[in-house]
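Trainee: I have a new model open on my screen and would like to learn how to read it. Could you walk me through it?

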Amino acid sequence: MMIKQKVLDALNKQLNLELYSSYLYLSMAAHFESVNLSGFATWVRNQSAEEYQHAMKIFDFIHQVNGTVELAKIDTPKKSWSSPMELFQDIYDHEKSVTSSIYELVDISASQRDHAATTFLQWFVNEQVEEEATALNVLEKLKMLGDSKNSLFYLDKEMGKRK
Ligand code: FEO
């Protein structure tokens, strides 16, 4: 099977976005460590590892369809946030933009009649539903807590349980 150039270019672009996502979550982990919220740090660090796995799924698929992986420069992520709420707002916004990018990619593969890529991408469509829901859930909790330090420390403990 030989992949069409348009689909390949879009997949390589998505590969870069997933690597950037991994980098962004890692930057968030460094930030949380620096403000002693180690539970939140664990959570975003695990998310960073998941994003790397997303990138590798695309990496493997490109090879399966005899395409060439083109690694590009990864943007520098933001490195500090004024509150966990601001940070989770960023996560939610970021995941929404990733969803848009996946949808564009699906549109491109469908318009090129690349059924293999379109089917492969369904996993990402479903994953994004979960990613947005999870980010929104934490964001809503943080909004509920307001300025309560006790609740923040409690939530930090809970977040640290993520495997
Ligand atoms: Fe791989 Fe969070 O999208």
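Mentor: Gladly. Let's begin with a cut-off: a residue is called buried under 20% relative accessible area, exposed over 50%, and partly exposed in between. Please keep in mind that this is a predicted model.

Trainee: How does Glu-86 count by that cut-off, buried, exposed or partly exposed?

Mentor: Glu-86 has 26% relative accessibility, so it counts as partly exposed. Its side chain meets that of Lys-78 in a salt bridge, 3.1 Å from N to O.

Trainee: What is the general idea behind such a pair?

Mentor: Side chains of opposite charge can pair when their charged atoms come close. In this structure, Lys-78 is partly exposed, because its relative accessibility is 36%. The side chain of Lys-78 also forms a salt bridge with Asp-90, at 2.8 Å from N to O.

Trainee: Which parts does the pair of Asp-90 and Lys-78 tie together?

Mentor: Asp-90 is in helix H3, while Lys-78 is in the loop between H2 and H3, so the pair ties together parts twelve residues apart in sequence. Asp-90 itself is partly exposed, with a relative accessibility of 23%. Lys-78, Glu-86 and Asp-90 thus make up a network of salt bridges.

Trainee: How many salt bridges does the count come to?

Mentor: Three. One of them pairs the side chains of Glu-158 and Lys-161, 2.9 Å from N to O. Compare the two partners: Glu-158 is partly exposed at 33%, whereas Lys-161 is exposed at 53%.

Trainee: Let's turn to the interior. Which residues of the largest nonpolar core touch the most other members?

Mentor: The general idea is that in soluble globular proteins, nonpolar side chains tend to be buried together. Here the largest nonpolar core has 46 residues, and those touching the most other members are Leu-11, Met-28, Phe-32, Phe-40, Val-44, Phe-88 and Ile-91. Helices H1, H2, H3, H4 and H5 each supply at least two residues of this core. The largest share, 13 residues, comes from H1.

Trainee: What does Met-28 touch?

Mentor: Leaving out residues up to four places away in sequence, Met-28 touches Val-44, Trp-81, Leu-87, Asp-90 and Ile-91. You will recognise Asp-90 from the salt bridge with Lys-78.

Trainee: How do I check the length of a helix such as H1?

Mentor: Use a rise of 1.5 Å a residue: the 30 residues of H1 should span 44 Å, and its end C-alpha atoms are 43 Å apart, which agrees. H1 is also mostly covered, since 21 of its 30 residues are buried by the under 20% cut-off.

Trainee: Is Gln-14 buried or exposed?

Mentor: Gln-14, which lies in helix H1, is buried, with a relative accessible area of 1%. Beyond its neighbours within four places in sequence, Gln-14 is in contact with Ile-58, Val-98, Ser-101, Ile-102 and Leu-105.

Trainee: Now the backbone. What is the phi of Asn-36?

Mentor: Phi of Asn-36 is near 60°, a positive value in a residue other than glycine. Asn-36 comes just after H1, in the loop between H1 and H2. With 63% relative accessibility, Asn-36 counts as exposed.

Trainee: And where is Asn-66 found?

Mentor: Asn-66 is in the loop between H2 and H3. Asn-66 also has a positive phi of about 60° although it is not a glycine, and at 45% relative accessibility it counts as partly exposed.

Terms used
Residues are numbered from 1 along each chain as its sequence is written. This is a predicted model: local features need pLDDT of at least 70, side-chain atom pairs count only at pLDDT 80 or more; totals for chains, interfaces and linings use all residues. Side-chain values use heavy atoms; hydrogens and water are left out. A nonpolar core is a set of buried Ala, Val, Leu, Ile, Met, Phe, Trp, Tyr and Cys residues joined through side-chain atoms within 4.5 Å. Buried means under 20% relative accessible area, exposed over 50%, partly exposed in between (1.4 Å probe, protein chains only). Helices (H or I, at least four residues) and strands (E, at least two) are DSSP runs, numbered from the N terminus. Contact means heavy atoms within 4.5 Å. The expected span of a helix is 1.5 Å times one less than its number of residues. A salt bridge is a side-chain nitrogen of Lys or Arg within 4 Å of a carboxyl oxygen of Asp or Glu.
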